[in-house]
Amino acid sequence: MSDQLQLRPVREDDLTILERLTQDPETTGEFAWFGWHDPLRWRRGWAENRLLGDDGGVLMVVRGARPLGFVNWRRHRATVAGYHWEMGIAMLPEARGRGDGTEAHRLLARYLFAHTPAHRIQASTETGNLAEQRALEKAGFTREGINRGIGWRDGEWRDGVTYSLLRTDLGH
């Protein structure tokens, strides 16, 4: 099996990893711990459509057989005739800080542009999450601006920053 970073569909045995990355404060990291909530979310999605649908989905980030985290995306309607994707990522603690998140962003963007007509992909993070901002910039995303008081975490409203990648940014 290849040691190259890849994205693949979620398998049932991956659900515990998704749950750890969203429900375990030791695993989520500072910027993704939002308290305990809906512990069956991933299992319901798995039962409904294996976490892949027309309006979004989840793919595992893997190196060989080893899961490193997941990427996800969801459709946002921009106009009556158009939409764009919002993407996110969650990496296991042992997979952070090695460039795998940057490559996972690139792979998901290529996948979405190859398989959907969307012209824009956006990603947002807290202004304090400098590692994610660097990963997005290295993956080719453009910083667009600050969204004041957009996210609630750890008892206070947090500012966010939005990044985008257009199909034309890749020369398509």
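## Charges over rings

In this predicted model, Arg41 lies over the face of Trp42, at 4.1 Å from the ring centre. Arg75 plays a similar part with Tyr83: its charged end sits over that ring, 4.0 Å from the centre.

## Aromatic pairs

How many aromatic pairs are there? The count comes to 5. Among them is Tyr83 with Trp85, set edge-to-face at 5.3 Å centre to centre, with 80° between the planes. So Tyr83 has the end of Arg75 over its ring and is also paired with Trp85, given that ring centres within 6.5 Å make a pair. Trp85 itself is buried, with a relative accessible area of just 2%.

Another of the pairs is Trp152 with Trp157, edge-to-face as well, at 5.3 Å centre to centre and with 65° between the planes. Are these two buried or exposed? Trp152 is partly exposed at 49% relative accessibility, while Trp157, at 53%, counts as exposed because the cut-off for that class is over 50%.

## The chain as a whole

Zooming out, the chain has 5 helices and 8 strands, and from the N terminus on they run β-α-α-α-β-β-β-β-α-β-α-β-β. The radius of gyration is 16 Å, close to the 16 Å the globule rule gives for 172 residues, so the chain is as compact as a globular protein of that length. Its C-alpha atoms fill a box of roughly 40 × 35 × 35 Å along the principal axes.

## Burial, contacts and surface

Of the 172 residues, 44% count as buried. Among contacts with a separation of 6 or more, 56% come from residues 24 or more positions apart. The accessible surface is about 9600 Å², and carbon and sulfur atoms account for 51% of that.

Methods:
Residues are numbered from 1 along each chain as its sequence is written. This is a predicted model: local features need pLDDT of at least 70, side-chain atom pairs count only at pLDDT 80 or more; totals for chains, interfaces and linings use all residues. Side-chain values use heavy atoms; hydrogens and water are left out. Rings of Phe, Tyr and Trp (its six-membered ring) pair if their centres lie within 6.5 Å; planes under 30 degrees apart count as stacked, over 60 as edge-to-face and the rest as tilted. Buried means under 20% relative accessible area, exposed over 50%, partly exposed in between (1.4 Å probe, protein chains only). A charge sits over a ring if NZ of Lys or CZ of Arg is within 6 Å of the ring centre and within 35 degrees of the ring normal. Helices (H or I, at least four residues) and strands (E, at least two) are DSSP runs, numbered from the N terminus. The radius of gyration is taken over C-alpha atoms; the globule rule is 2.2 Å times the number of residues to the power 0.38. Contact means heavy atoms within 4.5 Å. Accessible areas come from the Shrake-Rupley method with a 1.4 Å probe; for residues, only the protein chains shown count as cover.
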